[in-house]
Amino acid sequence: MKRGKRLILYLIDGDPTDRIKCKLDNRTSIAYKIPRTSIDKCKNIPHLEQSGIYFLFGTNHELNDIVYVGQACVRKNKNGVLSRILEPHDTIDWNETIIFTTTDHSFGLTEISYLEHRFYNIITDAKRYTVVNINNPTEGDPVEEIKSAMEDHIDDARIIFPALGHKLFEPITKPESKEDPDNEPLLHMEYSGYKATGKRTNEGFVILKGSAVNPNLNKSCPANVIRFREKYGNQIDKATCTLTETILLSSPSAAAGFIGGCSLSGNILWKDEKGTSLKKLEQSSLSQKQVLL
């Protein structure tokens, strides 16, 4: 069973949409989430004058999430990671940044090179965000002890970043483990001959890679389905009409509409292997909980 964690969030300006400082209790990892419009207010924050990793967030023309991962050491003029962010980044028109560093000034060039490389690859593998770095950062040549210590900081980041609104390190569907079992069944649907597989998650509903998608949209197709088709258009193989990646949608009905190209009830169409609809599965689960109460 997983143990709880105490996360400390501090609203620097008293506004949850402005600058936020975040750290785990009894850990040296610390992160600052800063809107681009508030960068100038951060010049007197000591932690941002040291070495660290920074993430620049934005969206592309298809409104998909994009991120640039960078690193900066303290320079001879004593400027650190914040000064690097203020320099031009041609591959992204960013709107906010998260700076990841430490409270004890323990990051040097070896540490941040390893972290930049690892974060780049973790984000790329998770496939939630498109990384817009031109090149894959090099790992450097850290000794085993440094790698182990940096992996601890990466574990901290996996907790801190979702709390700051960016789940960029975690894949849409997590591998099932004994420590954190996933009790959600696989669900299937078919509409106009197009068959799909998906499942509920704590974020919404995922449609699994390989599911078939109706290429035609009904005239009365809901606006949210059209937006999802535009967002995930590059993940649909035009020749086979199948998904090339697993994708996340907001609800079972949005997922059903995405597959069918029209307004559909996901609670009715999504069924388990026994043919029981999602609606009946939920009703059965609710009845069992009421009996326990």
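User: Which strands does helix α5 lie across?

Analyst: To place a helix on a sheet, list the strands it touches and then take an angle to one of them. In this predicted model, helix α5, residues 252-260, lies across β8, β9 (194-201), β10 and β13. Its direction is at about 30° to β10.

User: What is the order of the strands in the sheet of 4 strands?

Analyst: Strands of a sheet pair through backbone hydrogen bonds, and the pairing is either parallel or antiparallel. Here the order is β8-β9-β10-β13 in an open sheet with antiparallel pairing. β8 (187-191) and β13 are the edge strands; each has a single partner, so one side of each has no neighbour in the sheet. From one strand to the next, the twist averages 35°.

User: How many bridges pair β10 with β13, and which residue stands opposite I207?

Analyst: Strand β10, residues 204-207, pairs with β13 over 3 bridges in the antiparallel sense. I207 stands opposite I247 of β13.

User: How is the sheet of 7 strands ordered?

Analyst: Read it in the same way, from one edge to the other. The order is β1-β2-β3-β6-β4-β5-β7, in an open sheet with mixed pairing. β1 (7-11) and β7 stand at the edges with a single partner strand each, so each has one side without a neighbour in the sheet. β1 runs antiparallel to β2 (residues 20-24), and 5 bridges join them. Within that pair, L9 stands opposite C22 in β2.

User: Which strands do helices α2 and α3 lie across?

Analyst: Helix α2 (residues 109-126) lies across β4 (52-59), β5 (65-72), β6 (96-102) and β7. It runs at about 165° to β5. Helix α3, residues 144-163, lies across β1, β2, β3 (29-35), β4 and β6, and runs at about 145° to β6.

User: How many aromatic pairs are there, and what is the geometry of F100 and F119?

Analyst: Two values describe such a pair: the distance between ring centres and the angle between ring planes. With ring centres required to lie within 6.5 Å, the count comes to 13 aromatic pairs. F100 and F119 are edge-to-face, at 5.9 Å centre to centre with 90° between the planes. This pair links distant parts of the chain, with F100 in strand β6 and F119 in helix α2, 19 residues apart.

User: What lines the second largest pocket?

Analyst: Start with the volume, then go through the lining. The second largest pocket has a volume of about 600 Å³. Its lining has 25 residues, and K127, R128, Y129, K231 and Y232 lie nearest the centre. They divide into 8 nonpolar, 10 polar and 7 charged.

User: Which element gives the most to that lining?

Analyst: β13 gives the most, with 3 residues. β7 (130-131), α4 (223-231) and β13 (247-249) each supply at least two residues.

How values were computed. Residues numbered from 1 in each chain as written. Predicted model: local features only at pLDDT ≥ 70, side-chain atom pairs only at ≥ 80, totals over all residues. Heavy atoms only, no water. 1 Å grid on protein atoms, 1.4 Å probe; cavity = no way out; pocket = protein on both sides within 12 Å on 5 of 7 lines; lining within 4 Å. Points joined across faces, edges and corners; volume = space filled by probe spheres on them. Nonpolar A, V, L, I, M, F, W, Y, C, P; charged D, E, K, R; others polar. Pairing = 2+ DSSP bridges. Contact = heavy atoms within 4.5 Å. Axes fitted to C-alpha atoms, helices over the stretch in contact; angles between N-to-C directions. Phe/Tyr/Trp six-rings, centres within 6.5 Å; stacked < 30°, edge-to-face > 60°.
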